[in-house]
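Colleague: Could you walk me through how the descriptions of this model were reached? I'd like to see the reasoning, not just the labels.

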Amino acid sequence: MSAGAMRNAAAFVTGLPWAGRIGGGLVAFWLIVAVAGPWVAPHAVGAFVDSETFSPMSGRFWLGSDYLGRDVLSRLLSAARYTVFLGLGAALVACTIGTTLALTAALWSGWVDEVIARAMDTMNSIPSKILALVLVAAAGSSLPLLLVICAVTYVPGNFRIARALAMNLVGLDFVTVARARGESRRYIALHEVLPNMIHPLLADMGLRFVFIVLLLSGLSFLGLGVQPPYADLGSLVRENISGLTEGAPAIFAPALAIASLTVGANLLIDATKQEKA
Amino acid sequence: MGARVPHVRVENLRVLVPSKGGDIAIIDNISFAIGRGEVLALIGESGSGKSTTALAVMGWCRHGSRIGGGQIFVGETEISALSEAELRPIRGRRIAYIAQSAAAAFNPSRTIIDQVVEPALIHGLMSRQQAENKAVSLFRALSLPMAESIGNRYPHQVSGGQLQRLMAAMALITEPELVILDEPTTALDVTTQVEVLKCFKAALAQAGASAIYVSHDLAVVAQMADRIAVLKQGTLREEGPAAQVLENPRDAYTSSLLSAVRPAPVAAKAPCDAAPLLAIRGLVAGYGALRDGVPSVPVLRDISLELQRGGTLGIIGESGSGKSTLARVIAGLLPAAQGQVLLDGTPLPPAVAGRSRAQLRQIQMVFQNADTALNPAHSVAGILGRPLEFYHGLKGDAATCRIAELMELIRLPRDLIHRPVRELSGGQKQRVNLARALAAQPQVLLCDEVTSALDTVVGAAIMRLIDDLRRELGIATVFISHDIHAVSAFCEDVLVLYGGAPVEMASREVFNGASHHPYTRLLLSSLPAMDPAWLGRVQPPVPTCAAAQCADLCRFVQRCPVAVPGLCDRVAPPVHAIPGQRWLCHFAPTSVTERDQA
């Protein structure tokens, strides 16, 4: 990274309101955990290290143990990787595809718009869990497949929102100016329309990320998602649900992890929006 | 309470907006008084604080601002000392507000009558039935057609001028003692404006209400106001009786406002007999599917015109007359159904997609509203740089250099280059908008209402700038405008459109004379004069022919004061031509004048 880019990054951070800095800090923290987590984990992810289940926080097990006596901290550190990379990755893929299709539909309009919109409606009508079941049954569970399932599930929703945004913008004078200049539709889509819808789209992506975390945990519960002994954050919550009555950290730690990740992501997105507006 | 005690008193009003370095006063130390039944006009450019002042009299401030000092009395009540809860029974009842855009002020999903009677019902003044009766009598007083039934319509089913009057009915239904009118006729055509102004004046006089009239149009203010207060940048520059302010302004700023209203004519260029640069022949255009070469919603009918190199053509007409559509057809945004647009003798392909980049470069359009015509996500450099790269392949240093030249050309400081356009003022945006068109180095510049969103002074400066550039660069210019003064001052030829038909085409010398098509006469007579007695004098024309609208007949026949039944509603009008003038009417312009006088 050049010195200029560093300075830009520093200026970006100092320009953020305090809520944005907190959000940025949380997101950065979880990104680091996702990358480095498994190396710093004190125990193997599937190792049964405690004779008790749902033990409280202690010097040996910082976050207690889970319903099978495994170390919650170690499991959390490895789960973060799946949630962050699968969740963010799938949200990114879903929004990229959805927005690209939306821009195509908005600028070409007519029958192109009609075909894309109806295809999206059709996709919307397929229940995501059934789709996952069929695909996993056909190809076996794997991380790339999970990514594809999560992404495909949320493309139509993003398409709807992006198309509505783009349709409003396409009618504005500056797009007409670009048309009168003789610009290609591709240029208009990327340079005139897209920059004006990026902030609502980021907010939408934040929302989709939360949905994907929930979908992933649902899939894992059905045995279609991340395969044991590995787990994502959502699955940790679900598998330790019986610890709720005991107030075990095994259920609160991953729940708080999801909350801090999603709240952080949304704070950061909202802050960049305020700064630009 | 004696007659000499003013009805409304504003003393040392300050409105503050918090900022990092302490509060900024956007209204600073303004005082004025309005007698009972008087109309005070607040005039000034946008940003001068005239709306803010008017709204402060209702005890209302825009989000983020607050009244930071001074006292406001309406009658015996000190508005500035009341809480939000105490203001509620006053607003809409004792003080009513009429907003600039009635179209935006009405809820489109409820009927008009529901909304008009709402203030009376909210304040519990009368029963629904009484309120409806009162509304109908107000509709009559405001000369609305079909007073009994118009309330059952929805806002989109009435015209803009009618909606503005309906909003006045909404404001007057509670018999307020003070009415605040915020630019109520700015969005209307001149011919509609006359009717609305007459209605407002009569209704206010009948109600005996005092009024604050916010406007930037001095000629309109001259008709309405008893007193005028001139505001600039939140301070009061001058306040006094209307006649004195208009005839003997004490403040230099007021004088500059007055002189901007009537631009001095610019010298015409020497006529040349060379082939026209831009020629339009038999143009028909519109929207919808074509049938026999005529679109299902025809907008323009049989337009022909010529424009010399470096020449200027003004196009005037009401909204809906097709003047913007004509610009869109020339620019290729709306392909013509019939006819040709020729540039330098070569027919242009009808649509943008068919035109070459060189052809597109020659014709550039400046859009009306710079707020929407400039992409808010881009910087000034980005906006000016794109046509340079697109048409001329300029990049890097060459482009930077050219952008700096353009900034100089439009007289903007260079340090604005890297600012995002949303940080610029309205006038600066319009200059950038113009510079973008100039960046292409066009031969024809289409200016679509480029000054209508700007204040008088800023607008006049933009017009002068365009005129200077036209002389320096030899660009042929088409001015589309509803500002007849500006067009007749800046343009060598004037085209008047009505209902998409070219009713009159005249050189400036002839146009500034007396003989015109009946519609042009109506337009000219609807222009408010600075004379306060003008509104009383002007008589709306009485249509003589109740013919059904028909595509082949004269478009103006339903409103024409000289139409002859049996002729005008049967036979299509012929085109007459004398040197310097061409018109579409059964009668010669001179005979129209004679008829009028008879």
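Modeller: Happy to. A residue is called buried if 20 or more other C-beta atoms lie within 10 Å of its own. In this predicted model, 44% of the 277 residues of chain A count as buried.

Colleague: What makes helices the elements of chain A, and how many strands are there?

Modeller: Helices here are DSSP runs of at least four residues, and strands need at least two. Chain A has ten helices and zero strands, and from the N terminus on its elements read α-α-α-α-α-α-α-α-α-α. Along the principal axes, the C-alpha atoms of chain A fill a box of roughly 75 × 50 × 35 Å.

Colleague: How do you know which separations account for the contacts in chain A?

Modeller: A contact requires C-beta atoms within 7 Å. Taking the contacts with a separation of 6 or more, 68% are between residues 24 or more positions apart.

Colleague: Where in chain A is confidence lowest, and where is it highest?

Modeller: pLDDT runs from 0 to 100. Chain A averages 86, and 96% of its residues score at least 70. Helix H1 (residues 3-15) of chain A is lowest at a mean of 70, while helix H4 (residues 110-124) of chain A is highest at 93.

Colleague: Why is "domain: ABC transporter" attached to chain B?

Modeller: That name comes from an unreviewed UniProt entry, which places it on residues 8-258 and 278-524 of chain B. Such annotations may be inferred rather than shown by experiment, so I'd quote it as the record's wording. In the model, residues 8-258 of chain B are 36% helix and 26% strand, with end C-alpha atoms 27 Å apart. For residues 278-524 of chain B, the figures are 39% helix, 28% strand and 28 Å.

Terms used:
Residues are numbered from 1 along each chain as its sequence is written. Chains are lettered from A and ligands numbered from 1 in the order in which they are written. This is a predicted model: local features need pLDDT of at least 70, side-chain atom pairs count only at pLDDT 80 or more; totals for chains, interfaces and linings use all residues. A residue is buried if 20 or more other C-beta atoms lie within 10 Å of its own, exposed if 12 or fewer, and partly exposed in between; C-beta atoms are placed from the backbone. Two residues are in contact if their C-beta atoms, placed from the backbone, lie within 7 Å. pLDDT is the predictor's confidence in each residue, from 0 to 100.
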